[in-house]
Amino acid sequence: MKKEKPKMSAGYRKKTLRRNLESYSFLLPNLILFVLCSIYPVIWTLKYVFYQYGGIGTADPKWVGLDNLIRVFRDEVYWQSVVNTFVYGFGKVLIIIPLAFFLALLLNKQTKFNGIAQSMVFLPTIMSSAVMGLVFYLLFNAYNGEINQYLMQMGIIDTPINWLGKDHAMTTLIITAIWGGVGNYMVYFIAGLQQVAKDALESAKIDGAGPIQSLWYVTIPMMGPILKIILMLSITSAFNDITNVMVLTEGGPNNATMVMALYGYKYFFPVSASSSVIPQYGYGAAVSVVSAAIAGLVTIIYLRLSKKLDDIY
């Protein structure tokens, strides 16, 4: 025989309902903001992929079907921006992650000097990206930039280097991104290092393991979960980084530093008054959707690879 469920009294039901309403009332403001700032823009973007529209004050949206998507796949400049995004993203990740981990190892111990050093390394992270881009623009300016002046005074170069020209602009962008973000990842690594079990390190030392062996066989494996999160954050941020590129190069010269996010953005908001691109919301939405699909594909591949590594180790 089935046992009958105990009946709840009316007072208990009212108390439970009141408690639930109080909980939902705290969640409601965040839910409203999430819908307005995240869900609605996505729906709006997906809608205008199939329309030709120039924004408020222009002709009404015109249905064009898949024309915008077809145009994206035929757009050579867009696919150049995809290649530039991968070069920028992986160039940044391959340098900033080892550098941040090295700094975390150096500054992990809680001393007064390490505290000051950590603050100095972390300081660029809280600086505005626009301000940081402007500072680096002044530093790497080809004509009167501080970098060229110092190199010429030391006799390393004879003529100024055009750091924002086609040959060096991407390197300059990567350097700027590393300087602005390494402190953030360093803090993540320090948090991970402080969670490594001291007993495991002491056991490895007793067994005769040196500092390098302890690092490779104990510390890094035990930091696996946080390392996966750091790598994910660094990859996704590289795909969305737009401010440095906009301030330093605006995607130039000749689209040599144009990235996916900026290419889609400029069809909504031309990046400068001299830009020849007029607002094309439909095409900008199509570019954004394809770019999001590429970023999502990269994320899925990374998650699959990280899961396989977990299964191996």
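This briefing covers the nonpolar core of a predicted model and the surroundings of three of its residues, Tyr 78, Thr 172 and Ser 234. The largest nonpolar core has 60 residues, and the largest share of this core, 11 residues, is supplied by helix α7.

**The core and its helices**

- Within the largest nonpolar core, the residues with the most contacts are Val 72, Tyr 78, Met 186, Phe 189 and Tyr 263.
- At least two residues of this core come from each of α3 (76-106), α4 (112-122), α5 (129-139), α7 (169-193), α10 (224-240), α11 (243-248), α12 (260-268) and α13 (281-312).
- As a general background, nonpolar side chains in soluble globular proteins tend to be buried together.

**Contacts of Tyr 78**

- When neighbours within four places in sequence are left aside, Tyr 78 is in contact with Val 72, Met 260, Tyr 263, Val 287, Val 290, Ser 291 and Ile 294.
- Two of these partners, Val 72 and Tyr 263, are also listed, together with Tyr 78, among the residues with the most contacts inside the core.

**Two buried hydroxyl-bearing residues**

- Thr 172, which is found in helix α7, has a relative accessibility of 1% and therefore counts as buried, the cut-off being under 20%.
- Apart from neighbours within four places in sequence, Thr 172 is in contact with Phe 140, Trp 163 and Leu 164.
- Ser 234 lies in helix α10 and is buried, because its relative accessible area is 0%.
- Outside its neighbours within four places in sequence, Ser 234 is in contact with Val 93, Ile 97 and Tyr 185.

Conventions. Residues numbered from 1 in each chain as written. Predicted model: local features only at pLDDT ≥ 70, side-chain atom pairs only at ≥ 80, totals over all residues. Heavy atoms only, no water. Core = buried A, V, L, I, M, F, W, Y, C linked by side-chain atoms within 4.5 Å. Buried < 20%, exposed > 50% of the residue type's maximum accessible area, 1.4 Å probe, protein only. Helix = DSSP H or I, 4+ residues; strand = E, 2+ residues; numbered from the N terminus. Contact = heavy atoms within 4.5 Å.
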